[in-house]
Structures are given as structure tokens and as C-alpha cells.
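Biologist: I'd like to go through this model and have you defend the labels you put on it. Can we start once it's on screen?

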Amino acid sequence: MAGRRRNERAEQVREAIIQAAARTIGEKGYDKTSIARVAEEAGIAHGSVYLHFENRQALFDSLLPTLGRRMLEFIRRRTRHTRTVLERERVGLEANFAYLSTHPHLHRLTNEAEFFAPDAHREFYDHLAEGYVRALRRAHAAGELPGYTDADLEPMAYMLMGAREFLLSRYCVTGTEVRPLPQEVERIYMTVVARALSATTPLPDEAAPSPEHAADALREAAETDFGRGVGANS
């Protein structure tokens, strides 16, 4: 019994540290988040943090895997009973933005993790993409997503994830505040997604990838000195 109480207490302290670190990063950023600041925010002794995390980096590395997975689990619960790929996309989008608006520190924590906790950042996005691709594969196997192949689904998942990131930054984030996605923006997003995912029209010639044009753009970019134009060094 005493051992169980100690374990429960240890879990409570660890959770308090994680939440305090997340709030501090959300307000001040990773670079201004110290162990001392986290301990003060959590209401515990400085040394108590080191009973749970070896150092500041170990704490940073644990945040996104812990808190990001909670968001993904919330989205999974909300989308569990959806019947079509479009319904799942709409419900998942609303769940994603609802969670971020009620846990606003997660936005900055995720963005800055690319530089301050890169392994955790990569693990989180890999996990997010894997879940997205699995859902798209289920829809594809059920006869949805006409005109697409299995190989198309991973790039499709990353495009949808990227769209959400930019919509969040443009329409929902002001300082440390995160608001739900405006309904009109959600409507436009879902209109575009619905047309894209249900389209069976072949790709028009003018939209088809051109290796020659891509190579030409790469060549010109390599010859362009930033701010001085093409051939500035010649």
C-alpha cells in the first residue's frame, strides 16, 4: 500500500513538472525555460525535478511525446465512429483545433521542438503521419479516394497536415492565444478537400509535373545570388 502511494505521488509530481514546463514554454519559449523556472511553476523544490529528469534536455525530449500523444488520442476518440473519409477529416479537423485552443501552449511547444527537441519533434510528426496514412488506407480499401493509388496516400497525408499548420498560424494564433478555426475557413478547407479527394478527372497537362521545368528552376536558383538577381557573380 505504501509503495503504491509513493508511486502515485511520484506520477503526480512528474505530471506537475510536465504541465509546468509546457506552460512555461508556451509563454516564454524553450530558450527561456530553465529547471528553476519549471520547479517554481510546479510548486516543487528545484532538486525534485532531477528525480524525474536527468537534465533540461531530457525534460524537453519528454514533453511532445507525452502531450502530443494525448492530443492524438483525443482526435482518435472524436473520429472513432465516423463513416467516411470526408466525415473523418471534418471531425478530426474540428477536434484538432478544439484541443489546441484549449491547450494553447502545445502550439509553441510543437513548433519550437524542431530546434530544441528535434528527436521528439520527428517522432511526433512520424506518429501523426502514420495514423493519417492508416486512416486513408482504410478509406481507399473501402472504395473511397477514386483515382488514387496506395502510393499516393502518404504524400496526401502530409499535404493535409501542412494545410492545417498554415491555417492554424494564419487564422487562429495571436501571441499565446489559440482560437478555434473560423467556420467560413473550415468550410473552404473542406470544400477543397472534398473536391480533391472525390475527383476522378485526369491531371490537366498544365498541372502535370515537368522534370524539365523543375531542372530549369533549380539551375536558375543555383545561379541566383540572393538579392542581386540572376548571374550576379558572372
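Modeller: Sure. First the wording: a helix here is a DSSP run of H or I with at least four residues, and helices are numbered from the N terminus. By that numbering, Leu 100 sits in helix α5. Keep in mind that this is a predicted model.

Biologist: Why is Leu 100 called buried?

Modeller: Buried means under 20% relative accessible area. Leu 100 has 8%, so it counts as buried. Leaving out residues up to four places away in sequence, Leu 100 touches Met 71, Leu 106, His 107, Leu 168 and Val 178. As for distance, its C-alpha is 17 Å from that of Gly 29, with the two positions 71 residues apart in sequence.

Biologist: What makes Glu 89 buried?

Modeller: Same yardstick, under 20%. Glu 89 comes out at 4% relative accessibility, so the label is buried. Glu 89 also lies in α5, which covers residues 85-102. Outside its sequence neighbours up to four places away, Glu 89 touches Tyr 132, Leu 160, Arg 164, Tyr 189, Met 190 and Val 193.

Biologist: How do you know that α5 is roughly antiparallel to α9?

Modeller: The two helices pack at an angle of about 150°, and their axes are 11 Å apart; α9 is residues 183-198. Angles over 145 degrees count as roughly antiparallel, so α5 and α9 get that name. The crossing is right-handed. On the α5 side the contact is made by Val 85, Leu 86, Glu 89, Arg 90, Leu 93 and Glu 94, and on the α9 side by Glu 186, Tyr 189, Met 190, Val 193, Ala 194 and Leu 197. By class, that contact has eight nonpolar, no polar and four charged residues.

Biologist: And why are α4 and α5 called oblique?

Modeller: Their axes cross at roughly 140° and come within 9 Å, with α4 running over residues 56-79. An angle over 145 degrees would be roughly antiparallel, and 65 to 115 would be roughly perpendicular. Roughly 140° falls in neither range, nor under 35, so α4 and α5 are oblique to each other. This crossing is right-handed as well. Contact residues in α4 are Leu 67, Arg 70, Met 71, Phe 74, Ile 75, Arg 78 and Thr 79, and in α5 they are Arg 88, Val 91, Gly 92, Ala 95, Asn 96, Tyr 99 and Leu 100. That contact splits into eight nonpolar, three polar and three charged residues.

Biologist: What makes α7 oblique to α8?

Modeller: Helix α7 (residues 118-141) and helix α8 (residues 153-171) have axes that cross at roughly 120° and come within 9 Å. Roughly perpendicular stops at 115 degrees and roughly antiparallel starts over 145, so α7 is oblique to α8. The crossing is right-handed. Among the residues meeting there are Tyr 125, Asp 126 and Ala 129 from α7, with Tyr 158 among those from α8. The class count for the contact of α7 with α8 is 12 nonpolar, one polar and five charged.

Biologist: Why is Tyr 158 called partly exposed?

Modeller: Partly exposed covers the stretch between 20% and 50% relative accessible area. Tyr 158 has 39%, so it lands in that stretch. Tyr 158 belongs to α8. Leaving aside residues up to four places away in sequence, Tyr 158 touches Tyr 125, Asp 126 and Ala 129. The C-alpha of Tyr 158 is 39 Å from that of Glu 8, 150 residues away along the chain.

Biologist: What about Leu 145: what makes it buried?

Modeller: It has 3% relative accessibility and the cut-off is under 20%, so Leu 145 counts as buried. Leu 145 is in the loop between α7 and α8. Its phi is positive, about 60°, although the residue is not a glycine.

Biologist: Zooming out, how many helices and strands are there?

Modeller: The chain has 10 helices and four strands. Buried residues account for 35% of the 234 residues. The radius of gyration is 22 Å, whereas a compact globule of 234 residues would have one near 17 Å. The C-alpha trace spans about 70 × 60 × 30 Å along its principal axes.

Definitions and conventions:
Residues are numbered from 1 along each chain as its sequence is written. This is a predicted model: local features need pLDDT of at least 70, side-chain atom pairs count only at pLDDT 80 or more; totals for chains, interfaces and linings use all residues. Side-chain values use heavy atoms; hydrogens and water are left out. Axes are lines fitted to C-alpha atoms, for helices over the stretch in contact, and angles run from 0 to 180 degrees between N-to-C directions. A crossing is left-handed if the near helix is turned anticlockwise from the far one by less than a right angle, and right-handed if clockwise. Contact means heavy atoms within 4.5 Å. Ala, Val, Leu, Ile, Met, Phe, Trp, Tyr, Cys and Pro count as nonpolar, Asp, Glu, Lys and Arg as charged, and the others, Gly among them, as polar. The radius of gyration is taken over C-alpha atoms; the globule rule is 2.2 Å times the number of residues to the power 0.38. Buried means under 20% relative accessible area, exposed over 50%, partly exposed in between (1.4 Å probe, protein chains only).
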